[in-house]
Every structure is written in C-alpha cells, then in structure tokens.
Amino acid sequence: MSNNDLQQVIRDFKAYLEQEQRKGLKAVPRTVNRPKIIAKFKAKAATVGLGKSAALDQLHQEYAGCQNCPLGRTRNKFVFGEGSADARLMFIGEGPGFDEDQTGRPFIGKAGQLLTKAIETTIDLQREEVYIGNIVKCHPMKNPDQPTLRGNDRPPAAEEMNACLPIITRQIEIIKPEIICLLGRTAAQAILRSNAGIHELRDKFHILNFSGHEVKCIATVHPASCLYDPANKKYVWEDFKKIRALLKKTSTQI
Ligand code: SF4
C-alpha cells in the first residue's frame, strides 16, 4: 500500500471517529463493537488503491472463508454478490436463500428471476449492467440442521447483519453507484437505519453518504413478496419507474 493510500485510510478512520464523537461517543471502551470497527477498516485498507474489479475481487477473497457470525458455520456457499463493478445502479437484498446458497450467486431463484425481468422490462437495463448483493452473505436458516431443505429461510438477525455490514458497505464504496435499490423491509431498515415499515420507506429517494460518495437510495417491496401476492408488483413497478427516470435524467446531465 502506498503512502497516499495509507493516508486515505487514516483520514477515513479519523472521519469515522469524528462522526461517532458527534453522536456522543467520548471514548472507545472495550465493550464497544471493536471487531466491527476493525473489520470495516481492514476491508478498506485491503482494497484501497486498486481498480474497482480488482478491489471487489480482493474483498471477495478476503471474506470468502468468513466466520464472523454463526451463519458462516452453516452456509453451503458464500454469496458475495455479482454484476458490473461500474454499475450506476445497485440492488441490495437481505440475504441468500436456498438456491443462492447452493450456487453462490445472488437472486437466482424465483424471486431473483422476477427481479431480473423487472430490471430488464421496467428499468431498461440488463442484469449484467447492475450490481446485485445482500446485507448478509451466508444463508440464514430457520433450522440450520437441514441445509438441504427448501423453504428453510429466515430473515437475518441484527447481530448477523451488524457482523456482515462492513462487506456491503465496502462494496458500495468501491462501486460508487448513483442509486441503490433496497429490496424489502429488512435491507431497507439496515441501510437506512430506520425502524419504519417498507411502505413508509419506499416511493422516495433517501440521500446517504458512503465515505464522501453521495448515493440516492430507494426502497421497494421484496420481489419474493410479489410471488405470494402479485398485487405487490405495482409497488416494484412504481419504484423502478422512479429509478429509470432518475438514471435517464442523470445520464443526460453528463
Ligand atoms: S454472514 Fe457475513 S459476517 Fe456472517 S459469516 Fe457470512 S460473510 Fe461472515
């Protein structure tokens, strides 16, 4: 790592501590989640200075054997995320399900197929042009003793999401998308740091800052909910239309 890269990591760490200080942090006691802080800056230090694809590869390799939460012990495959490293649009769901755990790829089951179709038909982009990931990279199961059972999925727990957040945060910092679409309540609440329901959070852009990069985040209902209740498709359609309009607007400004 060059001196410039090291200085950037130190600047980011200083900015992070200042931000925590503004929130009321007076010191970093031993009980504070030090592993989370260390993981966040370790992930950053390992990838800073690389091109986007190389940085994502490096991050992937660094965490492929991750055991930072109990999900690491029961996963079949680590599901890092996939798509264009230069994506203008990123999708984030809550975590891998059965099909994703079997293949190591995000959103490839029935809900994923619906998402892919909606991306292509409503936003007018190909799946390969966007980036798709999850808050947690390993399959949360209701009964971890039955990893080959379909329908054994559950939402990730808060501790699991906290342990995994440094990875998706770094993915966002590397890719620097213009827009992030949060799929479902769990992902929306985790990224927007809110307890509000999905219908309060969706239908509008929330501006977030990732290490100095401003991103417009929009939440929508999870594609899986459209499988159970096709009436939910209208929410995806409305939110995706907003994404499409914003992408068009910003590309004409370039
Ligand atoms: S879910 Fe995330 S933090 Fe937990 S073991 Fe998997 S990669 Fe590590």
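**Exercise 1.** How many of the residues of strand E4 (residues 179–183) are buried?

*Solution.* The model is predicted. Step one is to take the strand as a whole: E4 is mostly covered, with five of its five residues buried. Step two is to sort the side chains by direction. Ile-179, Cys-181 and Leu-183 point one way from E4, while Ile-180 and Leu-182 point the other way. Both sets are buried.

**Exercise 2.** Identify the strands that pair with E4, and place Ile-179 opposite its partners.

*Solution.* Begin with strand E2 (residues 89–93), which pairs with E4 in the parallel sense over four bridges. Within this pairing, Leu-89 stands opposite Ile-179. Next, take strand E6 (residues 213–220): E4 and E6 also pair in the parallel sense, over five bridges. Here the bridge partner of Ile-179 is Lys-216 of E6. Ile-179 therefore has a partner in E2, Leu-89, and one in E6, Lys-216.

**Exercise 3.** Locate Arg-88, classify its exposure and list its contacts beyond its sequence neighbours.

*Solution.* Arg-88 is found in the loop between strand E1 (82–83) and E2. Its relative accessible area is 28%. Buried requires under 20% and exposed over 50%, so Arg-88 counts as partly exposed. Now set aside the neighbours within four places in sequence: Arg-88 is then in contact with Pro-177, Glu-178, Ile-179, Leu-247, Thr-250 and Ser-251. One of these, Ile-179, belongs to the buried set of E4. Another, Ser-251, lies 163 residues away along the chain, and its C-alpha atom is separated from that of Arg-88 by 10.0 Å.

**Exercise 4.** Describe the site of the ligand and the make-up of its shell.

*Solution.* First the space: the ligand takes up the largest cavity. Helix H4 (71–74) and helix H7 (158–175) are the elements that give two or more residues to the shell. H7 supplies the largest share, three residues. Then the residues: 13 surround the ligand, and Cys-66, Cys-69, Gly-72, Cys-138 and Cys-164 come nearest. Finally the classes: the shell has nine nonpolar, two polar and two charged residues. Cys counts as nonpolar and Gly as polar.

**Exercise 5.** Summarise the protein by secondary structure, burial and contact range.

*Solution.* Count the elements: there are eleven helices and six strands. For burial, 48% of the 254 residues count as buried. For contact range, consider contacts with a separation of 6 or more; residues 24 or more positions apart account for 70% of them.

Definitions and conventions. Residues are numbered from 1 along each chain as its sequence is written. This is a predicted model: local features need pLDDT of at least 70, side-chain atom pairs count only at pLDDT 80 or more; totals for chains, interfaces and linings use all residues. Side-chain values use heavy atoms; hydrogens and water are left out. A residue is near a molecule or strand if one of its heavy atoms lies within 4 Å of it. On a 1 Å grid over the protein atoms alone, a cavity is a set of points where a 1.4 Å probe fits but cannot get out, and a pocket is an open set with protein on both sides within 12 Å along at least five of seven lines; lining residues have an atom within 4 Å of a point. A molecule sits in a cavity or pocket if more than half of its atoms lie within 2 Å of its grid points. Buried means under 20% relative accessible area, exposed over 50%, partly exposed in between (1.4 Å probe, protein chains only). Two strands pair if DSSP finds at least two bridges between them. Contact means heavy atoms within 4.5 Å.
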